[in-house]
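Trainee: I am new to this structure and would like a close look at a single part of it. Could you take me slowly through one strand and its surroundings, and then show me how that part fits into the rest?

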Amino acid sequence: MAEHFQPDNRPVDEQLGELRVQIDAVDQQLLTLLNQRARLAQAVGEVKKIDGSPVFRPDREAQVIDRLKQRNAGPVLADSIAPIWREIMSACRSLEGRQKVAFLGPIGTFTEQAAINYFGSSIDALACPSIDEVFRATSAESADFGVVPIENSTEGVVTRSLDLLLQSRLTIVGETSLLVTHNLLRQVPNLDQITAVCAHPQALAQCQGWLTQNLPHAERRAVSSNAEGARLASQDPSIAGIASERAASQYGVHVVQKAIQDDPHNRTRFVIITTPDKHKPAAPTGHDCTSVVVSVDNRPGAVHDMLVPLKRHNVSMSRLESRPARSGQWEYLFFIDLAGHPEQDNVAAALEELRQQCSFFKVLGSYPLDTH
């Protein structure tokens, strides 16, 4: 077997030839097994049709990946398991029914990359010009799922996504995060005579230190997406865009400077949204998040009292964001992420007590955490 192979005194070409023959044989075995898995997925699809079960179950896929990572004996790295199996499951899932996924476009945005990372590449991608349009397309069921940014490690929450989650009937069924690397893109490979830098407002904010130091006189022009900034840069030599290397390839521009974000560990978190009737509530996986939005009466100690049920029932809170309720009365809504799933007794008890204390209470979704 290849894992016991030790180099010897034979010519290198002869040793490589032997190893390549073994690799070719293993590849054929993998292909046979992949097709066997695909046939089983088709059979699963036929059974699902009996009761109308959804094609895509993020909780099931999360459990599959977790189990494989635990059983992995190497030398394949654990971090490589998730992307490999997501593509396998995506290809098999598409045999049951190809999913249409809306995302903040155009092609080449980080949101598109997040969609591919989460669903795999065997999807029908629907690029939308705004976050609002992602919500509209998903609500109207023009898309099966939507992917929107929700939070950045440098700039905080994406307020438009929070507002639309509050207003819509859509539910969160998953999350994924990306290490976001911002690159300066341009028609020509230098910094000369740049009059404007175009990018999404969050990207401009995340790169403000570099821009101040290197392009202090260039206008910072906010556009609908980073990919739109790359597109504009491809049409005008005086404009630079801030976007991904994928966008640079898509629009045929040079990467003038890599990684211009102020925080080298800059990450963006995205959530997966869908209509409740399209997706059965996810079963607990052991690594879950429950997102809620609440409001309490404007009285002394109200926020403290709101948090007491969480402490009483030992439920951890991973995020708390406040947003004006727009009532004109200086009232606020609180967006809270809780560790756990409503099917856990302590989480269910905490949620029920929280519901009783709040003047407004809405569960935005319970879903597997992105641990991959």
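**Strand β1 and its surroundings**

Mentor: Strand β1 is joined by 5 bridges to strand β2, residues 124-128, and the two run parallel. Before going further, please keep in mind that this is a predicted model. Within that pairing, K100 has D124 as its bridge partner in β2. To get from β1 to β2 the chain passes through helix α4, which covers residues 110-119, and the β-α-β crossover made in this way is right-handed. Strand β1 also pairs with strand β3, residues 145-152, again in the parallel sense, although here the number of bridges is 3. In this second pairing, V101 has F145 in β3 as its bridge partner. As for the setting of the strand, β1 spans residues 100-104, and 4 of its 5 residues are buried, so the strand is largely enclosed by the rest of the structure. In general terms, the strands of a sheet pair through backbone hydrogen bonds, either parallel or antiparallel.

The helix of that crossover leads us on to the aromatic rings. The structure holds 5 aromatic pairs. One of them is formed by F56 and Y118, whose ring centres lie 5.9 Å apart with 80° between the planes, an arrangement that is edge-to-face. F56 belongs to the loop between α1 (12-51) and α2 (58-71), whereas Y118 belongs to helix α4, so this pair ties together parts that are 62 residues apart in sequence. Both F56 and Y118 are buried. F56 also pairs with F119: their ring centres are 5.1 Å apart and their planes stand at 45°, so this pair is tilted. Because F56 lies in the loop between α1 and α2 while F119 lies in helix α4, the pair ties together parts that are 63 residues apart in sequence. F119 is buried, as is F56. Ring pairs link F56, Y118, F119 and F145 into a cluster, and F145 is the residue already met as the bridge partner of V101. Y118 has a charged neighbour as well, since the charged end of R86 sits over its ring, 5.2 Å from the ring centre.

For comparison, let us turn to another sheet. This open sheet has 5 strands in the order β8-β7-β9-β6-β10, with mixed pairing. Its edge strands, each of which pairs on one side only, are β8 (219-222) and β10 (254-257). Neighbouring strands of this sheet are turned against each other by 35° on average, direction ignored. Strand β7, residues 196-199, pairs with β8 in the parallel sense over 4 bridges, and A199 stands opposite A222 in β8. Helix α9, residues 226-235, lies across β6 (183-186), β7 and β9 (239-243), and runs at about 150° to β9.

Finally, these parts can be placed in the chain as a whole. The chain has 12 helices and 15 strands, and its C-alpha trace spans about 85 × 60 × 40 Å along its principal axes. Of the 372 residues in the chain, 44% are buried. Among the contacts with a separation of 6 or more, 76% are between residues 24 or more positions apart.

Definitions and conventions: Residues are numbered from 1 along each chain as its sequence is written. This is a predicted model: local features need pLDDT of at least 70, side-chain atom pairs count only at pLDDT 80 or more; totals for chains, interfaces and linings use all residues. Side-chain values use heavy atoms; hydrogens and water are left out. Two strands pair if DSSP finds at least two bridges between them. Axes are lines fitted to C-alpha atoms, for helices over the stretch in contact, and angles run from 0 to 180 degrees between N-to-C directions. Contact means heavy atoms within 4.5 Å. Buried means under 20% relative accessible area, exposed over 50%, partly exposed in between (1.4 Å probe, protein chains only). A crossover is right-handed if, with the strands pointing away from the viewer, the path from the first strand over the helix to the second runs clockwise. Rings of Phe, Tyr and Trp (its six-membered ring) pair if their centres lie within 6.5 Å; planes under 30 degrees apart count as stacked, over 60 as edge-to-face and the rest as tilted. A charge sits over a ring if NZ of Lys or CZ of Arg is within 6 Å of the ring centre and within 35 degrees of the ring normal.
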